Amino acid sequence: GNSYTGDRITGATGKVQIIANGGTQATFDGTGLGIGTTGPNAKLDVLGSAKIGSSSYTTISDNEYDVSSGDLLFDVAGDITLDAGGQDIKLSTAGGNKASFYLTASDVYFGTKASDGDFIITGSDGGSQITALSFDMSEAGLATFNTTPVVGTMTSSDNSTKAASTA
């Protein structure tokens, strides 16, 4: 059986379980701690939801990570990789998909999802916020540049719908 001495519990089977309300609530097997599971598969294995932080603003549940207050910061020493097996990386606000990156074997697409939603590229020019380029989706993607665009040399074999630069 198990032995209890001071502040130690020793499990004779190599694992210690906390059982309440007729079910296993936590298991420690020497390599991992399982909460809500009888066999942890990692150093910390939680079956169900876990609330993290002093005010429980962060919840991890199945395939979702929720932060109910404030911002979320990913601060890593290396790279951040988003690997979407479904080929879409979605950008949402308040649960609604506003834009997405769609990946194929060789191409990357970016699209706005709102009907007639424009795509706008902004930046800082000498400390002033500017709109460098905007695509008006209500006008079939009409491109408006902040200044005259510079276009490379065009030849007679180019598609006749291409605009010639005045630069």
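Two strands pair if DSSP finds at least two bridges between them. Strands are DSSP runs of E, at least two residues, numbered from the N terminus. The model is predicted: local features need pLDDT of at least 70, side-chain atom pairs count only at pLDDT 80 or more, and totals for chains, interfaces and linings use all residues. Residues are numbered from 1 along each chain as its sequence is written, and side-chain values use heavy atoms, with hydrogens and water left out.

**Exercise 1.** Work out the strand order of the open sheet that contains β11.

*Solution.*
- Step 1. The order is β10-β11-β12, with antiparallel pairing.
- Step 2. β10 (88-93) and β12 (108-112) are the edge strands, each pairing on one side only.
- Step 3. Five bridges join β11 to β12. Tyrosine 102 stands opposite tyrosine 109 in β12.

**Exercise 2.** Place serine 100: is it buried or exposed?

*Solution.*
- Step 1. Serine 100 belongs to β11 (residues 96-103).
- Step 2. Its relative accessibility is 4%, so serine 100 counts as buried (buried: under 20% relative accessible area, 1.4 Å probe, protein chains only).
- Step 3. Beyond four places in sequence, its contacts (heavy atoms within 4.5 Å) include Asp88, Tyr109 and Lys113.

**Exercise 3.** Find the edges of the open sheet β13-β14-β15.

*Solution.*
- Step 1. The pairing in this sheet is antiparallel.
- Step 2. β13 (119-125) and β15 (142-145) each have a single partner strand, so one side of each lacks a neighbour in the sheet.
- Step 3. β14 (residues 128-136) pairs with β15 over four bridges. Serine 134 stands opposite threonine 144 in β15.

Definitions and conventions
Buried means under 20% relative accessible area, exposed over 50%, partly exposed in between (1.4 Å probe, protein chains only).
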